[in-house]
Amino acid sequence: MKIFILNIGNEKGENVSRDTLYGAWCKGKKVGYAEYPPLALLSINTLLNKNKFDTEFLDAQGEKINHEELINKYDWEKFDVLITQTSTMTFLGDLKLLENIKQINKEIKIIVFGSHVTFMPERSLDNNIIDFIVKYEPEEIILELLKNINKNIDSIKGIGYKKGGKIIINPNAENVNFEKLPIADREPILNINYYNPLVKEEKWTTIETSRGCPARCTFCTAPYFFGKKIRKRKIEDIFEEIKYLKSFGYKEIIFRD
C-alpha cells in the first residue's frame, strides 16, 4: 500500500491554514499571517512509518505549491491512499482538488480529518470524493483504519464512510493515549522556513506538550476537538523532543498548548 500524506496548499499558493487548534483565524488566515508546521500530519506520518507503512509526505502549503502545480507534480495513479486535513474555511476548495485527484485515480481512497469533518461528518461525506472521515484525534484511528481498510470496518470507532449509498458514522473513539505517540519526524519539512511574526529565529518549529482545554474561547476548537480534560506528556519526553529538534538545527520553539 502506497500512502500520500498531504497538507493541501491554497488554490493560488497563498497563505491559508487548515489547523484551527489553539489560535484565532479569519477566512482561513492565521491572525498576523503566521504559518505553522503541520504537526498533526507529521504525527500521523511518523506513526504509520513506525508501523511499516510506505508513505510520501508533502507540505504543499509550506512550499507554496498551488493546486495546478500539485496535480502535475505527482503520478497520482501509483498511490492507494491519500490522507489530508481540512477546515470549514477551506473545505470547498480542498474538495475540488481532491476531486481532480480522484478523476486521475478512481481507485484511490481519500481519508480526511480535522475540525470540519469532526463537527459536520454527514455533510463532509455528502459527495463522491471523500471515502472516509476521521473524527477528533486522528493518529490511532487512521492507523487502525489502514490496517483494516480492505476488511470489515464497521467496528472501527471514530470514522465515517458510505456503505450501499448510505452514510455511516461510527461511535466516537476514546482520546488518544498521548504519551504513547512517537515524536513527530520533522525531516519531511526541514527545508521549509515557516513565517511567524512572533519568532526571532528563521529555524523554528512547534511542540505539543498537552492536549485538551477546559476553556470556552469562541475562536478556538481545542476544547471540543481534544476534550476539556488536559492530558500532559511526561517532562522527560518533552526534553527528548527538544534535544531531537536541536540536533536538526532548530533554534526556537513555540509550545502550542
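The following exchange examines the helices, sheet and cores of a predicted model.

Student: On what basis are residues numbered and values accepted here?

Tutor: Residues are numbered from 1 along each chain as its sequence is written, and side-chain values use heavy atoms, with hydrogens and water left out. In this predicted model, local features need pLDDT of at least 70 and side-chain atom pairs count only at pLDDT 80 or more, while totals for chains, interfaces and linings use all residues.

Student: What is the strand order of the open sheet of seven strands?

Tutor: Helices (H or I, at least four residues) and strands (E, at least two) are DSSP runs, numbered from the N terminus, and two strands pair if DSSP finds at least two bridges between them. The edge strands, β4 (54–59) and β9 (166–169), each pair on one side only. Pairing in the sheet is mixed, and its order is β4-β1-β5-β6-β7-β8-β9.

Student: In β8, which residue is the bridge partner of V134?

Tutor: Strands β7 and β8 pair in the antiparallel sense, over three bridges. Within β8, the partner of V134 is I159.

Student: At what angle does α3 run to β5?

Tutor: Axes are lines fitted to C-alpha atoms, for helices over the stretch in contact (heavy atoms within 4.5 Å). Angles run from 0 to 180 degrees between N-to-C directions. Helix α3 lies across β1, β5 and β6, and its angle to β5 is about 175 degrees.

Student: How far apart are the end C-alpha atoms of helix α3?

Tutor: The expected span of a helix is 1.5 Å times one less than its number of residues. For the 14 residues of α3 (residues 91–104), the expected span is 20 Å, and this agrees with the distance between the end C-alpha atoms, 20 Å.

Student: How wide an arc do the buried residues of α3 cover around the axis?

Tutor: Buried means under 20% relative accessible area, exposed over 50%, and partly exposed in between (1.4 Å probe, protein chains only). The buried residues of α3 are F91, D94, L95, L97, L98, I101 and K102. They lie on the same side of α3, because the arc (that of the directions from the helix axis to the C-beta atoms) is only 160 degrees.

Student: On the other side of α3, which residues are exposed?

Tutor: The cover over the buried residues includes β1 (2–7), α2 (67–73), β5 (81–85), β6 (109–113), α4 (115–119) and α5 (121–124). The exposed residues on the other side of α3 are L92 and Q103.

Student: Which element gives the most to the largest nonpolar core?

Tutor: A nonpolar core is a set of buried Ala, Val, Leu, Ile, Met, Phe, Trp, Tyr and Cys residues joined through side-chain atoms within 4.5 Å. The largest has 41 residues, of which L48, I83, I111 and L146 touch the most other members. Among the elements that give two or more residues to this core are β1, α1 (39–50) and β5. The element that gives the most, with six residues, is α1.

Student: What is the relative accessibility of K52?

Tutor: K52 lies in the loop between α1 and β4, and has a positive phi of about 70 degrees although it is not a glycine. K52 counts as exposed because its relative accessibility is 76%.

Student: Which residues of α8 are buried?

Tutor: The face of α8 (residues 235–247) turned away from its buried side carries the exposed residues E236, K243, K246 and S247. What covers the buried residues includes β10 and β13 (252–255). The buried residues of α8 are I238, E241 and L245.
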